Structures are given as structure tokens and as C-alpha cells.
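Please walk through this model with the sequence at hand, beginning at one unusual peptide bond and then widening the view to the whole chain.

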Amino acid sequence: MSRRTLLYTEMVTSMAILHGDKQKLLGFDGTEHPLALQIGGDNPLDLAKCAQIAEDFGYEEVNLNVGCPSSRVQSGNFGACFMLQPENVAECIAAMITATKIPVTIKHRIGVDEVDSYEDLVKFVSIVSQTGCTRFSIHARKAWLQGLSPKENREVPPLRYEDVHRLKRDFPHLSIEINGGFTSLAQVQTQLQLVDAVMIGRAIYDNPYLLALADREIYGEATPPPSRHQIVAAMLPYIDSWMSKSCKLNSITRHMLQLFHGQPGSRIWKRLITEQSVLPGAGVAVVERALGEMQV
């Protein structure tokens, strides 16, 4: 859908990368470039090894996540709770930078629990940036480590965009990316007047076709965006390729459910894809049949 936007993986823990099935966890298709691997962990040596692995796999960037507030992540002393230890975060980032030639970046919140003043944010960025890290992706909400689910942590703490805008003014030499609550490319355009980049997460999942318009509207490319039908057609060989590696159809098609968001027939598309992708032997033909229904 977009050749220019940077795609982030889900967060993968350093222990999973070092001890798990690397090809299953980290493998990707060439059409997914540019691609950043997002890692969670708190051990500098382990994270350095993971950064090397990311480079070897062909990722353009490796990103340390210190913004995830889930209790599972907290039990491992990484994610948002690790943001409360800026010196240790900096040690991890420094080790990763030393270990790889690709950019090492960081994703974090504006604060955690009661450590959420603008001065706290400045302290964190100041310490981490001394490592040579120059790009900070910031979710403009603080994280509550207790009492809120990960979903609630994406919705309940108020958005404080001005803190991120102010950070860019105070650190003009850093690349500041803002995240949180953006649902349209018009909002992205507005933010790009104040920061260097915008990350869209949940809204892309709910309406992925937004990405098809990004190359033209954000990057100024003249090439017309692909239609939704063209996108599905382009996905068919991709699906075939992954299914030949024992990937299940619904692990791919569940990300395609909202492709026809807001279009006539979208309910038919979602119903057919949901019901038939889990059937024994389900393959590309399921998607072709669903697309055929959309063309009637």
C-alpha cells in the first residue's frame, strides 16, 4: 500500500530473539521494506546481540520499546517501567549502537505514573540522547503501571501533544516522532509542521487503506494510489508464499479484515474472511472468493 512509510514490527523480547525460532519471529517479505524491528529487554549485552541479528536479517532500524505498560512486560523489567531507569536505558541503547551499523531508536511515553512532568521527560531524553541516539518516538500519553489494562493505557491517560511539540523545540537537533490518537492523514500533516514524523498504530489496523494514500499525500509522489482490489490481488502471491512455509491463512487475513472499511459490502468481506479463513485447507481461494463478492 505504501512504499515510503516505515513499518514497525510488534515488540519482540530479547530472550525470544536469542533463544527462539529466529526465522519465525523475525522473517519478513521483501515487500515490507522499510522495516524496523522493535525489541523489549533490559540487558545491554543481550540487546546488543539482538541489534546485530536485526542487521543481519536486513532490517533498516532497531527500536527499543520502553513504552509498553503490560504487567507481563513489567515482570521482566522492560517496557514502560524501564523508563523509570534512564541511566540503564542509556546503557542498553549505547550497547546496541556499538553493536550495529543500522540506526538504533527508542519508543517511550511522556511519563510513567507520577514521574510525568515535562522536566522528567527532558531528563530522560537528555540522558538517552547522550548515547548518540537521535530519534525518539513518543506516545503522547503517560503510562499507568497499575490499575489500567494495556488497552486502557492507550485511551485513558490524556494526550499531551504540547509536551512532544515543546520537546522538539528544546531539542531541535533530535528527530522527534509523535504517536497517539491520530486517525487521518490530515492530522498527520498538521503534526508534521511541529515534529519530524508521526506514528499511526491502532487507526491503521482499523482502516489500513489510509496507508495507500500516504505516498501521495505525505511524500508528494505522483503515482496514483492502488485500489483496494489491487491491494488484495497483490496480497495473493504473498499469502501463497507464507502458506508454503506452514503459516495459517487467518494469521494473515485477520490483518485484512478492515481493508474495505466504510465501503459497500465491507460486512460481506469481513464475514467471509472471518468464517472461511479458519477452515481446514483454507488458502488463497478463500480470499479470491471474498473479493469476487465485493465485485458483484
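P34 sits in the loop between α2 (22-26) and β2 (35-40), and in this predicted model the peptide bond that leads from H33 into P34 is cis, with omega near -5°. Most peptide bonds are trans, and most residues other than glycine have a negative phi. Two further loop residues depart from the second of these tendencies. D113, in the loop between β4 and α6, has a positive phi of about 50° although it is not a glycine, and S246, in the loop between α12 (228-243) and α13 (250-253), has a positive phi of about 75° although it is not a glycine either. Their surroundings can be described by accessibility: D113 counts as partly exposed because its relative accessibility is 22%, whereas S246, at 68%, counts as exposed.

These loops belong to a chain with 15 helices and 7 strands. For 296 residues a compact globule would have a radius of gyration near 19 Å, and the chain, with 20 Å, agrees with that expectation; along its principal axes the C-alpha trace spans about 60 × 40 × 40 Å. Among contacts between residues at least 6 apart in sequence, 69% join residues at least 24 apart. Of the residues of the chain, 47% count as buried, while the accessible surface comes to about 14500 Å², of which 53% belongs to carbon and sulfur atoms. As for charge, the mean positions of the 29 positive and 32 negative charges are 5 Å apart.

What, then, lies in the interior? In soluble globular proteins, nonpolar side chains tend to be buried together. Here the largest nonpolar core has 54 residues, and those with the most contacts inside it are V89, I106 and F136. Leaving aside its neighbours within four places in sequence, V89 is in contact with L64, V66, F82, I106, F124 and V128. A second, separate core of 22 residues includes W242, I252, A282 and M294.

The strand β4 offers a closer view of a buried position. I110 is found in this strand and counts as buried because its relative accessibility is 1%, a value under the 20% limit. Beyond residues up to four places away in sequence, I110 touches ten others in the list M83, L121, I138, H139, A140, R141, K142, R160, D163 and V164. One of these, K142, is 32 residues from I110 along the chain, yet their C-alpha atoms are separated by 5.1 Å. D163 and V164 lead on to helix α8 (residues 161-170), whose buried residues are D163, V164, H165, L167 and K168; these pack against β4 (104-112), α6, β5 (135-143), β6 (175-179) and α9 (185-191).

Within α6 (residues 118-129) is S129, which is buried, with a relative accessible area of 17%. Apart from its neighbours within four places in sequence, S129 is in contact with F136 and L174, and F136 is among the residues with the most contacts inside the largest nonpolar core.

The chain start completes the tour. M1 lies in the segment before β1 (7-13) and is partly exposed, with a relative accessible area of 39%. Not counting residues up to four places away in sequence, M1 touches P208, Y209, L211, A212, P226, I231 and L259, whereas I127, 126 residues from M1 in sequence, is 37 Å away from M1 in space, C-alpha to C-alpha.

How values were computed:
Residues numbered from 1 in each chain as written. Predicted model: local features only at pLDDT ≥ 70, side-chain atom pairs only at ≥ 80, totals over all residues. Heavy atoms only, no water. Helix = DSSP H or I, 4+ residues; strand = E, 2+ residues; numbered from the N terminus. Rg over C-alpha atoms; globule rule 2.2 N^0.38 Å. Buried < 20%, exposed > 50% of the residue type's maximum accessible area, 1.4 Å probe, protein only. Contact = heavy atoms within 4.5 Å. Areas by Shrake-Rupley, 256 points an atom, 1.4 Å probe, with all protein chains shown as cover. Lys, Arg positive; Asp, Glu negative; His and termini not counted. Charge placed at Lys NZ, Arg CZ, Asp CG, Glu CD. Core = buried A, V, L, I, M, F, W, Y, C linked by side-chain atoms within 4.5 Å.
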